Amino acid sequence: MLDMMNLIFSKELLELLGSMFLEGSSLPFPGIIVVLAFGHVLQPTFKYSIFIAFLMSITYTLASFIPYFIGRKLGVGILSIFDRRVKVKAAIEKCKGLVNKYGTITIAMSRPFGWGNQISYIAGISKINPIIYGIFTFCGIYPWSLIMINLGRIYKGDKSIVFNILKNTRYIYMQL
């Protein structure tokens, strides 16, 4: 029990949650690298990693309501901000197409991938129920959080192995 209390109040965990907040708020931030690094630094047991991933997912979900409410308040006008950034605009178009095709499950499916943050704006613009949005966001980011924190622990910070796995996974997903 003492180990869990030390983990909960550790500076490293608070920094990890802060990085998840930045990631969830859709600010440009290298979240995957940071989470892998913290997995290496914290070296949690699998039992603790389940708890850490839960906290990470709650933090990410709460932060993702920032772009959600921006999209909800500003509507389609928010897309004009992204006109100059071709990659973001393409990601937003992809998100809109996926939401139209698959519905709200797209919120959960998109979270582990690079364009997952843009889905928050689309969900807001589409006026998806905030409770449904929060549930799908949590369900989508939790597996990513659990896998990344454990990959950082297992591979002890060896980025090349982890990035090869992620590259192959992303390639498979983009083919869908």
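## Exercises on an all-helix model

Of the 176 residues in the protein, 45% are buried (under 20% relative accessible area with a 1.4 Å probe, counting protein chains only; exposed is over 50%, partly exposed in between). This is a predicted model, where local features need pLDDT of at least 70, side-chain atom pairs count only at pLDDT 80 or more, and totals for chains, interfaces and linings use all residues. Residues are numbered from 1 along each chain as its sequence is written, and side-chain values use heavy atoms, with hydrogens and water left out.

### Exercise 1: the outline

Work out which pattern the protein follows along the sequence.

Step 1. Count the elements: there are 9 helices and 0 strands (DSSP runs numbered from the N terminus, H or I of at least four residues for helices, E of at least two for strands).

Step 2. Read them in order, and you get α-α-α-α-α-α-α-α-α.

Step 3. Now look at contacts (heavy atoms within 4.5 Å). Take those between residues at least 6 apart in sequence: 77% of them join residues at least 24 apart.

### Exercise 2: the cores

Find the residues with the most contacts inside the largest nonpolar core.

Step 1. Know what to look for: a nonpolar core is a set of buried Ala, Val, Leu, Ile, Met, Phe, Trp, Tyr and Cys residues joined through side-chain atoms within 4.5 Å.

Step 2. The largest one has 17 residues, and L16, M20, V35, I52 and M56 have the most contacts inside it. Helices α2, α3 (31-42), α4 and α8 (130-154) each supply at least two residues of this core.

Step 3. Zoom in on L16: leaving out residues up to four places away in sequence, L16 touches V35, F38, L42, I52, M56 and I149.

Step 4. There's also a second, separate core of 9 residues, including F65, Y68, V99 and Y133.

### Exercise 3: a ring pair

Decide how the rings of F65 and Y68 are arranged.

Step 1. A pair of aromatic rings is described by the distance of the centres and the angle of the planes. Rings of Phe, Tyr and Trp (its six-membered ring) pair if their centres lie within 6.5 Å; planes under 30 degrees apart are stacked, over 60 edge-to-face and the rest tilted.

Step 2. The whole structure has 7 aromatic pairs. In one of them, the ring centres of F65 and Y68 are 5.7 Å apart and the planes stand at 80°, so this pair is edge-to-face.

Step 3. Place the pair: F65 and Y68 both sit in helix α4, 3 residues apart, about one turn of the helix. Both are buried, and together with F69 and Y133 they form one aromatic cluster.

### Exercise 4: two helices meet

Is S145 buried or exposed, and which residues does F46 contact?

Step 1. S145 lies in helix α8. Its relative accessible area is 0%, so S145 is buried.

Step 2. Beyond residues up to four places away in sequence, S145 touches M20, A53, M56 and S57.

Step 3. Now switch to F46, in helix α4. With a relative accessible area of 47%, F46 is partly exposed.

Step 4. Setting aside neighbours within four places in sequence, F46 contacts L146, N150 and R153. F46 and L146 are 100 residues apart in sequence, yet 9.0 Å apart in space, C-alpha to C-alpha.
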